[in-house]
Amino acid sequence: MTKYTFTEKKDTRSGFGDGLLELGRKNSNVVGLCADLIGSLKMGDFQKEFPDRFFQIGIAEANMMGIAAGMTIGGKIPFTGTFANFSTGRVYDQIRQSIAYSGKNVKICASHAGLTLGEDGATHQILEDVGMMKMLPGMTVIVPCDYNQTKAATIALGDHVGPAYLRFGRPGWPVFIAADRPFEIGKADTMIEGKDVTIFANGHMVWQAVEAEAILAEKGISVELINIHTIKPLDVDAIIKSVAKTGCAVTCEEHQMNGGLGDSVAQTLSRFHPAPVEMVAVNDSFGESGKPMDLLKKYGLSPENIVSAVEKVMARK
Amino acid sequence: MAELATLKKLPSQIRRDIVRMVHACQSGHPGGSLGCTEFFVALYFEIMKHDKSFQMDGKDEDLFFLSNGHISPVWYSTLARAGYFDVKELATFRQLNTRLQGHPATHEHLPGIRVASGSLGQGLSVAIGAAQTKKLNNDNRLVFTLMGDGEQQEGQVWEAAMYAAHNKIDNLVATIDFNGQQIDGPVDKVLSLYDLKAKWKAFGWEVIESNGNDLEEVIKTLKHAISLTRKGKPVMNLMKTEMGFGVDFMVGTHKWHGIAPNDEQLADALSQLEETVGDY
């Protein structure tokens with residue numbers, strides 16, 4: 001039986017910062033842009049090592065998206081950095097027209113996503129970003145689960161051509177994915193094999209699902225855990241194959257139920273392999289100030305909530 | 001570079017293209033297109049070093065970005081007349097399956113277009129980005145962009161204005177089509193710009209003023225603007241034009257911002273515009 005443990009906690013945003021630095025050393029076309037959040041986005045090391053390839057935009061996110069689009073003309077690969085709220089909702093039209101519709105090779109890198117931003121509260125806790133971004137034609141959407149996977153995803157984006165959205169977060173979080181574990185954009189990662197139920201999770205919720213699996217295993221329930229780090233393009237085959245075996249699914253995400261991972265999985269299953277689905281997600285609500293773990297609990301995103309969803313979905317089989 | 005006498009034949013022909021394109025599909029924006037015709041002729045036939053075989057990256061070429069994408073008819077006609085694609089394709093403007101979308105787009109791979117525009121306020125930022133990449137690539141050519149005056153009401157324009165001056169984006173020549181009109185009426189009635197020259201100066205730009213409906217003056221102005229580049233400041237050309245210039249019943253009013261002439265109006269317009277190098 002595969003077991004996941006951790007010895008340290010690290011923020012996923014540091015995975016982005018360290019990945020960007022490593023990528024910058026490998027690929028001189030990589031440039032960094034930031035809207036007055038260098039420290040928060042962990043872009044300082046890149047800035048220090050590549051001052052000529054780093055652009056402080058100021059608090060002007062719309063301008064940052066336009067500049068990034070323009071910088072691709074001539075071969076640069078811009079990585080924009082700001083909070084997830086300001087990376088999407090604030091600049092949706094700029095992304096839509098100048099980046100997505102124009103097919104520009106811009107990597108929109110977004111930190112402090114979801115409830116786990118914590119004390120800053122609902123103005124900054126965006127829970128709609130994945131939905132907005134996945135609706136844009138041609139946009140790749142990635143939500144990695146820990147420091148190592150965020151670093152791997154950042155580096156993988158260097159070879160990816162086209163617009164992409166990379167979502168990560170603020171708090172220290174268990175590092176449970178091996179640094180050398182393969183990461184491929186668009187390829188789901190089956191972390192635990194099982195036969196009774198499939199849990200599809202991404203982002204911080206993968207660790208919550210790992211904890212839920214341990215509780216369910218004690219109850220004699222065999223869980224298959226699949227990390228859907230890439231919501232778009234979705235690994236449809238992996239989803240169908242797993243649910244064909246287990247017969248039901250639970251989705252887990254730090255996002256609105258509307259528009260996120262659960263939507264994508266349910267859409268896939270209802271079209272190609274109808275099966276019961278339960279969704280662990282925020283249910284049409286804004287967040288609020290608080291400690292990350294308290295918020296996850298209050299808004300129904302704890303391991304216990306996943307356990308309940310599994311029991312519910314299995315009863316519907 | 002062409003002889004001035006040859007260049008002077010183009011605006012009238014391009015204006016014919018504009019009104020015929022807009023008439024054929026009964027939609028589009030003739031007013032601003034007619035007002036900016038001399039600017040496009042100057043840019044593509046005299047000022048810019050550019051390659052009609054078209055590479056997206058435009059290395060060692062001057063680049064142009066149209067921010068007020070609704071004046072696509074004048075750009076499409078100019079690109080076709082400059083050899084980017086067959087002039088016959090102008091007949092497909094705004095029709096199903098066309099590369100000549102209502103607003104400029106890269107999606108259908110029309111040669112000459114490097115970014116989509118139409119949602120206003122975004123082009124200057126894109127132009128700044130392209131100018132920065134030219135600097136990184138040690139590419140000494142320039143970036144040009146055109147915005148509308150009504151477009152100055154978009155906040156992103158001023159984000160870009162602040163950024164370009166602070167970062168000394170001095171390989172950039174921006175122009176504003178200062179025709180004083182927008183869809184709902186005169187700009188001063190809709191939302192006044194007050195002293196636009198003072199605003200751009202205050203934002204740290206080198207600002208020049210010009211008349212945009214005299215071809216020789218436009219060429220002279222753009223050459224002067226180029227002489228002001230690489231001196232640590234972005235350059236702004238406030239270009240006075242008349243919306244609808246060249247067609248007497250369209251000139252000077254917002255009413256022809258975004259509507260098409262009927263058959264009689266088309267005939268009237270064409271009677272005022274000489275066919276110089278051949279209709280498409």
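**Exercise 1. What percentage of the 280 residues in chain B do buried residues make up?**

Before you start: this is a predicted model, where local features need pLDDT of at least 70 and side-chain atom pairs count only at pLDDT 80 or more, while totals for chains, interfaces and linings use all residues. Residues are numbered from 1 along each chain as its sequence is written, and chains are lettered from A and ligands numbered from 1 in the order in which they are written.

*Step 1.* Get the cut-offs straight: buried means 20 or more other C-beta atoms within 10 Å of the residue's own, exposed means 12 or fewer, and partly exposed is in between, with C-beta atoms placed from the backbone.

*Step 2.* Apply that to chain B, and buried residues come out at 51% of the 280.

**Exercise 2. Find out how compact chain B is.**

*Step 1.* Chain B has 11 helices and 7 strands (DSSP runs numbered from the N terminus: H or I of at least four residues for helices, E of at least two for strands).

*Step 2.* The radius of gyration, taken over C-alpha atoms, goes up against the globule rule, 2.2 Å times the number of residues to the power 0.38. Chain B has 17 Å, close to the 19 Å the rule gives for 280 residues, so chain B is as compact as a globular protein of that length.

*Step 3.* Along the principal axes, the C-alpha atoms of chain B fill a box of roughly 50 × 45 × 35 Å.

**Exercise 3. Work out whether helix 1 of chain A is enclosed or not.**

*Step 1.* Helix 1 covers residues 12-26 of chain A, and its 15 residues reach 21 Å from first C-alpha to last, close to the expected 21 Å (that is, 1.5 Å times one less than the number of residues).

*Step 2.* Go through the burial list: A:Phe16, A:Leu20 and A:Leu23 are among the buried residues of helix 1.

*Step 3.* In total 11 of the 15 are buried, so helix 1 of chain A is largely enclosed by the rest of the structure.

**Exercise 4. Track down some unusual backbone spots.**

*Step 1.* Recall the usual case: most residues other than glycine have a negative phi, and most peptide bonds are trans.

*Step 2.* B:Gln26 has a positive phi, near 55°, and sits in the loop between helix 2 (10-25) and helix 3 (30-35) of chain B. With 11 C-beta neighbours inside 10 Å, B:Gln26 counts as exposed.

*Step 3.* B:Asn97 also has a positive phi, near 75°, and its 6 C-beta neighbours inside 10 Å make B:Asn97 exposed.

*Step 4.* In chain A, the peptide bond from A:Lys232 to A:Pro233 is cis, with omega near -5°.
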